[in-house]
Every structure is written in C-alpha cells, then in structure tokens.
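Here are some exercises to help you find your way around a structure that is new to you. Try each one with the model open, then read the solution.

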Amino acid sequence: MKNKLLYIEDDKEIGTWVSEDLTRRGYHVIWLTSGDGALDRMEEIDLVILDIMLPGLDGFSIGQRLKKEYPVTPILMLSARTSIDDKLQGLHFADDYVTKPFHPEELAARVEVLLRRFGKISPPLIQLSHLSIYLDQNRIIDTRSNNEIVLTAKQFQIFTYLLRHPNKILTKEQIYEAVWENPYIAGDKTLMVHIRHLREKIEGNPSQPQIIETIRGIGYRVKQ
C-alpha cells in the first residue's frame, strides 16, 4: 500500500508540481491549501509536508498541534523562510526543514529518509505464521506447500494495511476508508465479505482465524 503524505501548501503552482512529482514516485498525496481539516486526516497519514506561510494559522502553529497529537508522525517543513530563527523554530517540533527553492530529488530523498527513520516503510519480507509476505513484489507464499497464494487487489490492500499496523486494533471505518478511499456507511458488509474471502486463502482454518483477529464490535487486528 502507498505511503500517505499530507501536503499543506497554499501556493497553487508549487503545490501542483510537488504533489504531481510525489504522486509519480508512488506516494498517495493529500494536498490542502490551509491547515483547516488537517488534524481530522492525520489518523492514516505517514508523513506531513508543511509550509509556514499559510492563510489562517501559520505552519508553526499547525505543526505544533499535529506533532502534539501525533508525535510518531514525521513532519517536514518546506518554506521560503531561510533565517536561522525560522529554522530553529521549525525544528523545535518538526523533523526536517527544507528551504525553497529546492530540487524534487532532494525533497523525495528527505521524505524517504523520514519514513524509514519513523518505521513507516514496511520491510520487503514479513514472516507471519505459515506465510512469507513479499510486500515489494505483492506476493504471498504458503511455506507449508511453497505455493503462491493469489489475492485480489482489494484483498492484498486490506491485508497489507493491517500488516502496516501490527498489533493495533483497526476499526471497520478505518480499514474501509483507507482501502476504498470513500466514507464508510454504517451497516455496509463489503469489508466483512472481503475479509471472509481473504481468510479462506491465508488462514489454516478460516473458521478459527489465527492471522486476522476479529475484535467484536470494533474491527480487526493482525498480531505479529
């Protein structure tokens, strides 16, 4: 599953080429032109790229709020303000500070470094029960038979989303909105059906699942 980046930048020209460049590099970019609504989106965000000069609250105020609520989500400040005082103020809460103008290769490299430092990039191979999961190849091998387990695109997205949040109970709403990128409607059975079919492929005994655990009344969890 793609890493999700929250990009807050009010300059339309800069925002367009940065978001398009990062999208081409395989990231899912959510671009906001102000800090309004940023906190509401943070639950599924892997990294924040934040400008300072914004309408309403400035980037310093927004960044401090986001870091307070989500301390393990890296924040990269991206600003034309180059004074040492601005940099020190930004680095008081942010994890990196890049000044404009900048080269897209530098920005992409800094994004990757932060994602790795904060453990937001999943390892290419995960061993789980009788499964060898190669995330970089979208392949799952059943080590008991050495046969490949073929999942549908949605099944793999659901499974990898759970794997990226090991031991964490994820609600049905969180999973659905992360995979389908649409609001979850109460009572919708789509996710439940996909989980059932997924278990039929990966579990030793689908009626007594050991890999994807159901947390009654809440959602699901993968234990690692």
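## How sure is the model?

The mean pLDDT of this protein is 91, and 99% of its residues reach 70 or more. Keep in mind that you are looking at a predicted model.

**Exercise 1.** Find where in the protein confidence is lowest and where it is highest.

*Solution.* Start with helix 4, residues 84-91: confidence is lowest here, at a mean of 84. Then go to helix 8, residues 190-202, where confidence is highest, at 97.

## Two helices

**Exercise 2.** Work out which residues of helix 3 are buried and what covers them.

*Solution.* Step one: go through residues 59-69 and pick out the buried ones, which are Gly59, Phe60, Ile62, Gly63, Leu66 and Lys67. Step two: look down the axis. These residues cover an arc of only 160 degrees around it, so they sit on the same side of helix 3. Step three: turn to the other side of helix 3, where Arg65 and Lys68 are exposed. Step four: look for the cover over the buried residues, which includes strand 1 (4-8), helix 2 (38-41), strand 3 (47-50), strand 4 (75-79) and helix 4.

**Exercise 3.** Find the residue that caps the N-terminal end of helix 3.

*Solution.* The cap is Asp58. To check, take a side-chain oxygen of Asp58 and the backbone nitrogen of Phe60: they lie 3.2 Å apart.

**Exercise 4.** Now do the burial exercise for helix 7, residues 172-180.

*Solution.* The buried residues here are Gln174, Ile175, Tyr176, Ala178, Val179 and Trp180. Their cover includes strand 1, helix 6, strand 10, helix 8 and strand 12 (219-222). Go just past helix 7 and you meet Glu181, with a positive phi of about 60 degrees.

## Two residues and their surroundings

**Exercise 5.** Is Leu6 buried or exposed? And which residues does Leu6 touch?

*Solution.* First, place Leu6: it belongs to strand 1. Next, its relative accessibility is 0%, so Leu6 counts as buried. Leaving out residues up to four places away in sequence, Leu6 touches Ile30, Leu32, Ala38, Arg41, Met42, Ile45, Leu47, Val48 and Ile49. For a distance, try Val29: this residue and Leu6 are 23 residues apart in sequence, and their C-alpha atoms are 6.1 Å apart in space.

**Exercise 6.** Place Arg164 and decide whether Arg164 is buried or exposed.

*Solution.* Arg164 lies in the loop between helix 6 (153-163) and strand 10 (170-171). Its relative accessibility is 18%, so Arg164 counts as buried, the cut-off being under 20%. Lys120 is 44 residues away along the chain, yet the two C-alpha atoms are separated by 7.9 Å.

## Charged pairs

**Exercise 7.** How many salt bridges does the count come to? Describe the one between Asp21 and Arg25.

*Solution.* The count comes to 14 salt bridges. In the Asp21 and Arg25 pair, the closest N and O atoms are 2.7 Å apart. Asp21 is at 12% relative accessibility and so counts as buried, while Arg25, at 32%, counts as partly exposed. Widen the view and you find Asp21, Arg24, Arg25 and Glu105 linked in a network of salt bridges.

**Exercise 8.** Where in the chain are Asp96 and Arg110, whose side chains meet in a salt bridge?

*Solution.* The N to O distance of this bridge is 2.8 Å. It links distant parts of the chain: Asp96 is in strand 5 and Arg110 in helix 5, 14 residues apart. Asp96 has a relative accessible area of 14%, so it is buried; Arg110, at 28%, counts as partly exposed.

## Rings

**Exercise 9.** What kind of aromatic pair do Tyr176 and Tyr184 form?

*Solution.* The count comes to four aromatic pairs. For Tyr176 and Tyr184, the centres are 5.6 Å apart and the planes are at 70 degrees, an edge-to-face pair; the cut-off for that label is over 60. Tyr176 is buried, with a relative accessible area of 10%, and Tyr184, at 14% relative accessibility, counts as buried. To finish, add Trp180: ring pairs link Tyr176, Trp180 and Tyr184 into a cluster.

Conventions
Residues numbered from 1 in each chain as written. Predicted model: local features only at pLDDT ≥ 70, side-chain atom pairs only at ≥ 80, totals over all residues. Heavy atoms only, no water. Helix = DSSP H or I, 4+ residues; strand = E, 2+ residues; numbered from the N terminus. Buried < 20%, exposed > 50% of the residue type's maximum accessible area, 1.4 Å probe, protein only. pLDDT = per-residue confidence, 0-100. Arc of directions from axis to C-beta. Contact = heavy atoms within 4.5 Å. Polar contact = N/O pair within 3.5 Å; in protein donor to acceptor, adjacent residues only side chain to side chain. Salt bridge = Lys/Arg side-chain N within 4 Å of Asp/Glu carboxyl O. Phe/Tyr/Trp six-rings, centres within 6.5 Å; stacked < 30°, edge-to-face > 60°.
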